[in-house]
Structures are given as C-alpha cells and as structure tokens.
Number of protein chains: 2
Amino acid sequence: MRVTIEDIAKQAGLSVASVSRILNNTGRFSQATAKRVRAIAADLGYYKNRSAADLARHTQTTLGVINYPAETDSNFHVIRGITEEARQSGVDVLIMIAERDDQATIQKVAQDLIERRVFGILFLSLHPDQAIIDLIKRAGIYPQEVASTYALDMSYVSSNDYQMGQLATRTLIEKGYTRIGFVGADPARDIVGTQRFAGYQAALAAAGITYRPEWLFVGDGKYSYQSGLAAVAYYTEHAALDAVFATSDDGALGVINGLIDRDGAFTHQWGIISTDGSQICEQSRPKISSVTQDFNLIGRMAVAEAVRAIDDPPQAKKQIDVPFKLELRETTPGK
Amino acid sequence: MRVTIEDIAKQAGLSVASVSRILNNTGRFSQATAKRVRAIAADLGYYKNRSAADLARHTQTTLGVINYPAETDSNFHVIRGITEEARQSGVDVLIMIAERDDQATIQKVAQDLIERRVFGILFLSLHPDQAIIDLIKRAGIYPQEVASTYALDMSYVSSNDYQMGQLATRTLIEKGYTRIGFVGADPARDIVGTQRFAGYQAALAAAGITYRPEWLFVGDGKYSYQSGLAAVAYYTEHAALDAVFATSDDGALGVINGLIDRDGAFTHQWGIISTDGSQICEQSRPKISSVTQDFNLIGRMAVAEAVRAIDDPPQAKKQIDVPFKLELRETTPGK
DNA sequence: GTGAAAGCGCTAACAA
DNA sequence: TTGTTAGCGCTTTCAC
C-alpha cells in the first residue's frame, strides 16, 4: 500500500487534519511542526493522492486541452503559451490527443476530460461539432476554440482571419502584383477559409482589381503542402498569375517547390506570401514572406480567458482577436 | 451540484451498487434495468467522477507522457503511435509538457503525474536526471525513455543509434564518398551523440578510412538547424569534405541552406545523409536521403512495454531496439 | 495551533 | 439480480 497522509500523521503524532493543512499551506499551524511533518513526508516518499484530494476539495484547477499531432506544428507555440500561462496562474493542464475530422474520437476524449472534472476544455485548431460542444456546456464546463476562428457556438481566441487575408493580399498589391492566386483553403469548407478568402477579395476590390474564379485553387482544402505543390501545375495551365497568397506556410513551401520542380530553380516569377510565419519561412530558400501569427500569445490568452470564465462564464459566444504582424522576407521582391 | 450516481439510483428506484455495476458493465444485472438506467443517466447528463472511481477502484489505467513542444516534431509520430496503441489496450494517456534542459520543470511534472497515480511515465526524448528517475521508481511507477537511447538507469525503446550512425556512414562510403563530416550531435554530451558517433567511426574504420578530428562539427550539440547552417562555414574553412552525415533532418536542411547561401545554388558538392526521415526530407530541394526511424512503431512499443510492466516490472534496465530503414533520395547521387 | 468527524462519489465484497 | 455496507485518502467545518 502506498503511503498516505495517515501514515504521516501517525509518525508525527498528529491528526490527519493538521498534516493536510501543513501540506497544503492552508489554515494555521506552527512552523516547528510543519518542518517536522514535511521532513517525515519526504522521508516516507509521500505523494498526495489527487483523486482523493480532488474528491474532497470541490474546486477544480485543471484545464483540459485537446490537440492533434502534426508534423509541422504551429500548435507547439500555442502549447508553450498555454503551459507558461497555466504555470503562472497555478492551473495545471492535461493534454489529450484526437484526430482532425474524427468527431467520434474527439467526443470520447472530451468525455474523458469531463470525467476528470476539468474546468475548461481548449480545442487546438480542432473543430468539434455542435453536439460535442453542447455536451461540454451541459456538464458545466467551459469550451473554447484556440488558434482558429470557429463558426459554431463556442468562444474562440485566434488571429482575425479576415484581416490576415486582407493584409496579405494588400501587401502583394502594394508590391505591384495584380493577378493573385489564393491557395490551400476552401472558402466553402470552414470559417477560416471563408474569412481569409473574404479578406482577400476585399483587398482586391479595394484596389480595383476584378477577382477571377480561376485564381482560386483549393486542393484538398486542408492548408497542405500537397495543395501548394499541385497549385503550380494548375495555375500553369489555367491562369496567368504574378503572385500567390498561400493560406499556410506548408502551402507556400509547396508552391515554391512546385516552381523549382517545374523550372529547375526558383525564378521569382510569382510573388508569394504565406500565413502563419512558422520557422518554415526562415528555413525555406527563398525565405517566405508571411503574415505571422503570435501563437504563443494566443495560447496565453486562451488560458487567461478560460480561468476568467470560472468565476464569470460569458453568456454569449466571445471572439477574442490576437494581434498578428507582417514579415517581409524574400518572396515578395515586388515587380 | 453535479449529477451523481445516487441521483440515478434514486430515479431508477435502485441502489447505487446496481447502477455502478450497470454503468461499468461488471457483475450481473438484467438487461431491462440496464436499459432503463442508461437512459436515465443519459437523460440526466451524468458523467462518472473519475476521482471518486479511481479512489475506490484500486487499479490504475492511465499512462503519463512527458513531452516537450518542438516545431519540427518527430515526436508527433511517436504520440500518434502511443495514442493508437493505448486506445487498443484500453489505457488512457495524459500528456504533460516540460522543456528540455529544465530538470526542475520535468520533476514538477513528474510529481504531478505521480499524484495522479499513473502506472507509468514515458519521457519523449527528454532526459530526466537520476534523482527524478529514482523518485518515480520509489513511487512504484514504471519510467521509460522513448525515442531516444539513454544512459541512466531507466529502460528505453528507440532506434539503435550506433547502428544508425554506422548505416548512414557506410551508405555514404558505398556511394564513393571518403571525407565525411559528422554534424550536429555532441559525442561527449549525450548517449545518442556518443552512439551515432561511434557507429560513424566504426564504419569509417571498417572501410579503412582514417577519421580526422576536423570532420566533427558539434555546433550547439542539439541536432539543430542552426548547427547545420554553421557547419558549412566551418568546413569551408577547415576541412575538405565530400560528404556530411547530419545527425538530424534539421541539421541536414541547415547544411543544404548553408551551401545554397554560400554558392547561390545547391551543387551537390557534398553528399548528405540525415537521421530521422521526417517530412523535411521530402520537402527539401534537393530531397534529403535519410536513415529513417519508425517513430510510430516506437510509440506503440513503448506503450506495450509499459503495459507489460504493470504485471511484470522488469528487474533490470531494458533496452528495446526498434527497426529503422534507409531511404535514398537526392542528396546522395554518388561520386 | 490542533483534533474530531463528516463527507466527497464511487467500487467491491458480502448478503439477501 | 439487487441491496447493504465499508471503505478509498483527502479536505474542511467546527470545537477545543
């Protein structure tokens, strides 16, 4: 049997109540006995049984996070941010894994988290359907989308996709490009795509450029490297572009490599700007200009918001925008 | 107050024991009442309180994983593997975050996991010091290193670093290269570096090539992109190489980009082979030849081993090798 | 400053 | 097939 608080109490000639107080630094106790108790605890190799503690105490201090594993993981910055902020706020976080597009697993994982009585559940760029969101809310838990805008009835903290699309496109236009492709997102599929596309169109319109349908290349609609790669063949055939707005760094890299594969080298025939600003942008040749999100801050704000929601759960869906910035590198030399 | 098992019992006119049995599918009960109970549970929006359940039951079914967040994340495959295998074995996994080189945080996180009474703790390419390992063992929990060999007294499942170093080097030699640099790992720093370096030297020796000290470029010793980048300047100055064995994909990409930055384009002046085989290898231009690890399998085997250890904890340190393979791409055309 | 005691929500004998 | 009961290990009034 593992060592319990009672073992300590016995050894110290105290009641479990006193030991509990000392170990938790609550209530009053003398420093002398405290020292003794802590020594005994260390000596015995005692560890609190959190199940028992959580059961007895009623306030919950753990936050659930549901992530999906991805190779180029912009979420890694988000997770860092979450972890840092959580450490500071004294909440601890439980990370669990699901797959995108696998609602069954997402639900299972969410239920696991509910059983563990977390006070909030953060979805990292993962889009649960409304049934799952409802089930979480019904359990009295605060759900929140992180690092992605979201259409359904759940608050989110993320960059403003519309503004990002607008900034990216406007930047290309200011550099003198006028025939601008839109790659990798599906405007009809998710709100992120919808918003970025709307921003893109708004920027075109503002500059008096008439959008042409053949400028849109969706690919798999998943912001993937493959979509970028495939876009090159498509555009070569169907559109006379001078620039591309890639809705992800992966997509931009795909476009670059597609161009290299086609021409033998990158010739700056197209201006390219991407979204996210992960290290891919620095490590690509040429380096990719990007609209860069502050993923760390997104993570921090997500935790802060979830903590705030404990005492004061927002009545309506809340949309928190986190600032982003423009980073010009080598793929936007201008015309 | 949240709905409890007692609420269900009351509504169903049953005892909590019966409800518990039904909800857990243990013992005997009639299908008729079971149906009724489940309906009521769903109706009430009931979720088991795991703290209570874990406290009452005594067997633990959750596995702890400590990971660090990284942008190019070969661990993502490991995590997938862990998740899949865990799902199949009916264990659920808790992932927590620490930073490499931050033993204080690693310890804190490990203690958190101990308090949650996990049955095992997996370290993903994270190297806790012996004190932490001892503390975990003392708590009756099985610790295991995953995806990295490890010198201290803890079992591990990973690729065999010595053999990987050997294979990579031998491959270059077979392609006709004879002056081969070793980049990114520090043979004196961690066992991974030591082993890969030993394999590298063994392969050189076996081919009758005399190793020269200036062929070693450690950089930050962290298998980083930066080390690869810096290696080019170093070698240009100090060694006349015809090939490079990069101890990571990031490092190999650094070497390639360093060469491009130096020469304006990649000229295949050096053969390059890397270790890991992440998607970087496919997405680089040229594509990088690699000794590719089976990270998914590593993850699966790690879980399987941890589960096995519940009933039959290994007495001595166990070292489990997972097979890897060679993937030739474009950076090893031969001389 | 410390202790007694109730109870958190559940499981697991053991009875019935 | 179902119920009674005794905990699991801890926290938290409320007394002392």
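I count Ala, Val, Leu, Ile, Met, Phe, Trp, Tyr, Cys and Pro as nonpolar, Asp, Glu, Lys and Arg as charged, and the others, Gly among them, as polar. On that basis I sorted the surface near DNA strand C into 12 nonpolar, 10 polar and five charged residues. I note at the outset that this is a predicted model.

**DNA strand C**

I listed 27 residues around DNA strand C, and S15(A), R21(A), I5(B), S20(B) and Y46(B) come nearest. I then split the atoms of DNA strand C within 4 Å of the protein: 67% belong to sugar or phosphate, and the rest belong to bases.

I looked up polar contacts to the phosphates. S18(A) places a polar side-chain atom 2.9 Å from a phosphate oxygen of DNA strand C. For S30(A) a backbone N or O atom does this, at 3.1 Å from a phosphate oxygen of the strand. In chain B, I found a backbone N or O atom of N49(B) at 3.4 Å from a phosphate oxygen of DNA strand C. The elements giving two or more residues to this surface are α2 and α4 of chain A, together with α2 and α4 of chain B. Which element gives the largest share of the surface near DNA strand C? I find that it is α2(B), with four residues.

**DNA strand D**

I repeated the search for DNA strand D. Of the 26 residues around it, I5(A), S20(A), Y46(A), R21(B) and R28(B) come nearest. Sugar and phosphate make up 65% of the atoms of DNA strand D that come within 4 Å of the protein.

Here I looked at the bases. The side chain of R21(B) has an N or O atom 2.5 Å from a base oxygen of DNA strand D. Two backbone contacts are also on my list: a polar backbone atom of A52(A) is 3.2 Å from a base nitrogen of the strand, and a polar backbone atom of A56(B) is 3.3 Å from a base oxygen. Helices α2 (16-24) and α4 (50-56) of chain A and α2 (16-24) and α4 (50-56) of chain B are the elements that give two or more residues to this surface. By class I get 12 nonpolar, 10 polar and four charged residues.

**Relation of the two chains**

I laid chain B on chain A and obtained an RMSD of 0.1 Å, with a turn of 180 degrees and a shift of 0.0 Å along the axis. The two copies are therefore related as by a two-fold rotation axis. Which residue of chain B comes closest to the rotation axis? I noted S51(B), whose C-alpha is at 2.1 Å. The same surface serves both copies, as 100% of the contact residues of chain B recur in chain A.

**A helix pair in chain A**

I checked α8 (residues 161-174) against α9 (residues 191-206) in chain A; their axes come within 7 Å and cross at roughly 35 degrees. I recorded the crossing of α8(A) and α9(A) as right-handed. The contact includes Y162(A), M164(A) and I173(A) from α8(A), and V192(A), Y200(A) and L204(A) from α9(A). I sorted the residues of this contact into nine nonpolar, five polar and three charged.

**Backbone geometry**

I found a cis peptide bond between R285(A) and P286(A), with omega about 0 degrees. P286(A) sits in the loop between α12 (280-283) and β10 (289-293) of chain A. In chain B, the peptide bond from R285(B) to P286(B) is cis, with omega near 0 degrees.

I also marked A147(B), which is not a glycine but has a positive phi of about 65 degrees. I located A147(B) in the loop between β4 (142-146) and β5 (155-158) of chain B.

Note on methods
Residues are numbered from 1 along each chain as its sequence is written. Chains are lettered from A and ligands numbered from 1 in the order in which they are written. This is a predicted model: local features need pLDDT of at least 70, side-chain atom pairs count only at pLDDT 80 or more; totals for chains, interfaces and linings use all residues. Side-chain values use heavy atoms; hydrogens and water are left out. A residue is near a molecule or strand if one of its heavy atoms lies within 4 Å of it. A polar contact is a pair of N or O atoms within 3.5 Å; within protein, one must be able to donate a hydrogen and the other to accept it, and residues adjacent in sequence count only if both atoms are side-chain atoms. Axes are lines fitted to C-alpha atoms, for helices over the stretch in contact, and angles run from 0 to 180 degrees between N-to-C directions. A crossing is left-handed if the near helix is turned anticlockwise from the far one by less than a right angle, and right-handed if clockwise. Contact means heavy atoms within 4.5 Å. Copies are superposed by least squares on the C-alpha atoms of residues with pLDDT of at least 70 in both.
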